[in-house]
Amino acid sequence: MIYDVTHVTAYEYGSPITFARCALRLTPQTGAGQVVLSAEVATEPPAATRSERICFFGNRVTMMTFDTPHTEARFIAKARVDVRRPPLPMALPDETLDRVREEAIANHGLSPTSPAHFLFPSHRAPDYPPATSYVRESFPPERAALDGALDLIGRIRRDFKYDPDATKVSTPLSEAFEGRHGVCQDFAHVMISGLRGLGVPAAYVSGYIRTIPPSGRPRLEGADATHAWVNVWCGQRVGWVGLDPTNAIPADDDHIVLATGRDYSDASPVDGIIFGSREQDVDVSVDVIPVG
């Protein structure tokens, strides 16, 4: 499936911003299962300086500074992406949690996709024993690790309520877990924390998911959204598998990867610093249009 993606992030500030330095991860990455055919990022107002780099995890990061006072800012990212994900691999009975854990520890590679980088707690996915205990229930000794991970996303879907008003970007994992509510970012962090607590490598993925309108209803502009899910390392043979706990489905041709990392901090679409004294409002609009 080929998609045209338009992602607009608009800020309104309570007082003029005299300086801003931003890191934008708004360009999808070419990798397993997808190829970026074209991409561009524009801003209003224009940036004073601009540079690009590829971070350690392979994400394309656009660095910008703004030195003209402004009370509004818009970041407009457009891309065309060809997504063709392989089918979900078949789980084998002997690829249990214990085996995956042993293979992860034995893996000495330090490439960006090495499981070594995704085994340990991180800032937004800390060691949190209640999450580990919750995740452990999906991994009885006789179950293949991949089957356990699939069971886990089904449980998260059933047990947690999607509520965009319940949490913010800064909400700690413990609060989302105890309240059993939140958004895709929260569910991904709960899953990652619990899996790492069991010794299973897990990575955070930010991106988009195409939404399909109900039968007979037109597709609405802006109906698609930024999204987050989890890559789970299921052993040497299976490798990384994308799993979406918000929707209890594997990441497939409706998922477009924007960035990956240890948690949201490594993959946030927009971050940085601003010099201003009042609150800000942000609005995000995403269109994911299939074109072929």
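Let's start with R101, which at 27% relative accessibility counts as partly exposed. Keep in mind as we go that this is a predicted model. R101 has a salt-bridge partner in D98, and the closest N and O atoms of the pair are 2.4 Å apart. Both residues sit in helix α1, residues 97-106, and they are three residues apart, about one turn of the helix. What about the exposure of D98? D98 is partly exposed too, at 43% relative accessibility. Partly exposed here covers anything between the 20% and 50% cut-offs, so both values, 27% and 43%, fall in that band.

That pair is part of a longer list, as the structure holds 14 salt bridges. Let me show you a few others. Which residues are linked with E52 in a network of salt bridges? They are R50 and R60. On one side, R50 and E52 meet through their side chains, with 3.8 Å from N to O. On the other, R60 reaches E52 with the closest N and O atoms 3.0 Å apart. If you click through the three of them, you will find R50 partly exposed, with a relative accessible area of 43%. E52 is also partly exposed, at 41%, and R60 is partly exposed with 31%.

Now, staying with charges, please turn to the surface. There is a patch of negative charge there, where E12, E72, E279, D281 and D283 gather. E279 belongs to the loop between β14, residues 270-275, and β15. Buried or exposed, what would you say for E279? E279 is exposed, because its relative accessible area is 71% and the cut-off for exposed is over 50%.

The patch takes us nicely to the strands. Strand β1 covers residues 2-17, and strand β6 covers residues 70-83; the two run antiparallel and are joined by twelve bridges. To find the register, look at H7, which stands opposite A77 in β6. β1 also pairs with strand β15, residues 280-290, again antiparallel, this time through eleven bridges. There, T9 faces V284 in β15. As a quick reminder, strands of a sheet pair through backbone hydrogen bonds, either parallel or antiparallel.

Let's move on to another sheet. This one is open and has five strands, in the order β12-β11-β10-β9-β13, with antiparallel pairing. Its edges are β12, residues 249-250, and β13, residues 255-261, each of which pairs on one side only.

Look next at β9, residues 202-209. How many bridges join β9 to strand β10, residues 225-233? There are eight, and the two strands run antiparallel. A good place to see the register is A202, which stands opposite V232 in β10. β9 is joined to β13 as well, by six bridges, and that pair runs antiparallel. Here the bridge partner of V205 is T260 in β13.

I'd like to finish on β13. We met β13 as an edge strand, pairing on one side only. So how enclosed is β13 by the rest of the structure? Seven of its seven residues are buried, so β13 is largely enclosed by the rest of the structure. Buried means under 20% relative accessible area, so that is the cut-off behind the count for β13. Thanks, everyone, and I'm happy to rotate the model to any of these places.

Notes:
Residues numbered from 1 in each chain as written. Predicted model: local features only at pLDDT ≥ 70, side-chain atom pairs only at ≥ 80, totals over all residues. Heavy atoms only, no water. Pairing = 2+ DSSP bridges. Helix = DSSP H or I, 4+ residues; strand = E, 2+ residues; numbered from the N terminus. Patch = residues over 30% accessible without salt bridge, like charges linked within 9 Å, V, L, I, M, F, W, Y side chains within 5 Å. Areas by Shrake-Rupley, 256 points an atom, 1.4 Å probe, with all protein chains shown as cover. Salt bridge = Lys/Arg side-chain N within 4 Å of Asp/Glu carboxyl O. Lys, Arg positive; Asp, Glu negative; His and termini not counted. Charge placed at Lys NZ, Arg CZ, Asp CG, Glu CD. Buried < 20%, exposed > 50% of the residue type's maximum accessible area, 1.4 Å probe, protein only.
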